[in-house]
Amino acid sequence: MATDSSLLTSELEQQQQEDLYQQLLLQTVGKMQSENHDSKVIRPQPGMCVKTVTQPDKQKVFINVCQSTSVPRPPELSRDELVELLQSEDPTGYRVPMSLGEPHVEADNSSQGCTAYDVVINQEFFQKCQKDPLFQQFLIMVTLEGLENKYKLELSRDWKVLKNRKFFGSVSEQNIRSKSRPIIQELQPQESSAAAAKRPEVTLLVEPPAGDPEYLIAEIQLPGVSSSRSLVLDVGEDRLVLTARPHLFHLDIFHPFLIHQESSVAQYNTSTQILTVTMPVVSS
């Protein structure tokens, strides 16, 4: 039986083209994923496990406080400063960066269903909290508040740290946000002058002034900075970091709001030498 070689050649070429297309598609998808710097996957280390219950239905909750070097550490805080902070009218002014994982269902020792949450904080700060009971209590308090705010819970403050268990369930990878950088728009050129490196003056404003905040606005005074090209700005979920090169200004602050990083914008007015950062607030 005779075979048409041209048909075989055509089918082979078509298959090769299809294979090449699939290869190029996979390469393109992989490149798109590798270029996505908005988040990254980490595997945190176990830290301590806190047991509490929901209110008012008394459902068991286990909170796995984990540690990772990928989470930024909070500002330096001494024990005296912590005592003063806890006695102040607004202790929420000090923010501890943390990644709050999704709830997952586990079984307790009685084979009853319960809920567990994985919370990741900076490894160095976790070790500091382990050495001082006051810092540990403060960490657990802000962790409970963070989970309550994110998942609309009410958790009992009658909690217990499990002595022989650092993690409830199994350690899983967690996707954390990376810092995004908004575009700094230059309005006008102006001459520069050298100055010593220092912390710039900053004013934080909330819009609207009353009711639920929609925007957090930071006005940063940068005398001597003539161009936005010397500015490096990072906007995190609750952190603002600014550097004016070379070693002119440096600002690193936490604020008591969760921010839409991707929607944040900044403008530098070279006439007033004020950088204005407008950050949409995540609605509660």
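How far is the sulfur of Cys114 from the closest cysteine sulfur, and in which residue does that sulfur lie? In this predicted model, the closest cysteine sulfur to that of Cys114 belongs to Cys49, at 9.2 Å, which is too far for a bond. Looking from the other side gives a matching picture: for Cys49, the closest cysteine sulfur sits in Cys114, again 9.2 Å away and too far for a bond.

It helps to recall what is being looked for here. A disulfide is a covalent bond between the sulfur atoms of two cysteines. The cut-off for counting one is a pair of cysteine sulfur atoms within 2.5 Å. By this rule the model has 0 disulfides. As for their surroundings, Cys49 has 0% relative accessibility and therefore counts as buried. Cys114 is buried as well, with a relative accessible area of 5%.

Attention can now turn to a sheet. Three strands form an open sheet in the order E12-E13-E14, and their pairing is antiparallel. Strand E12 (231-235) and strand E14 (249-254) stand at the edges with a single partner strand each, so one side of each has no neighbour in the sheet. On average, neighbouring strands of this sheet are turned by 5 degrees against each other, with direction ignored.

In general, strands of a sheet pair through backbone hydrogen bonds, either parallel or antiparallel. Here, strand E13, which covers residues 239-244, pairs with E14 in the antiparallel sense over 6 bridges. A handy place to see strands side by side is Leu242, which stands opposite Leu251 in E14.

Note on methods:
Residues are numbered from 1 along each chain as its sequence is written. This is a predicted model: local features need pLDDT of at least 70, side-chain atom pairs count only at pLDDT 80 or more; totals for chains, interfaces and linings use all residues. Side-chain values use heavy atoms; hydrogens and water are left out. Two strands pair if DSSP finds at least two bridges between them. Helices (H or I, at least four residues) and strands (E, at least two) are DSSP runs, numbered from the N terminus. Axes are lines fitted to C-alpha atoms, for helices over the stretch in contact, and angles run from 0 to 180 degrees between N-to-C directions. Buried means under 20% relative accessible area, exposed over 50%, partly exposed in between (1.4 Å probe, protein chains only).
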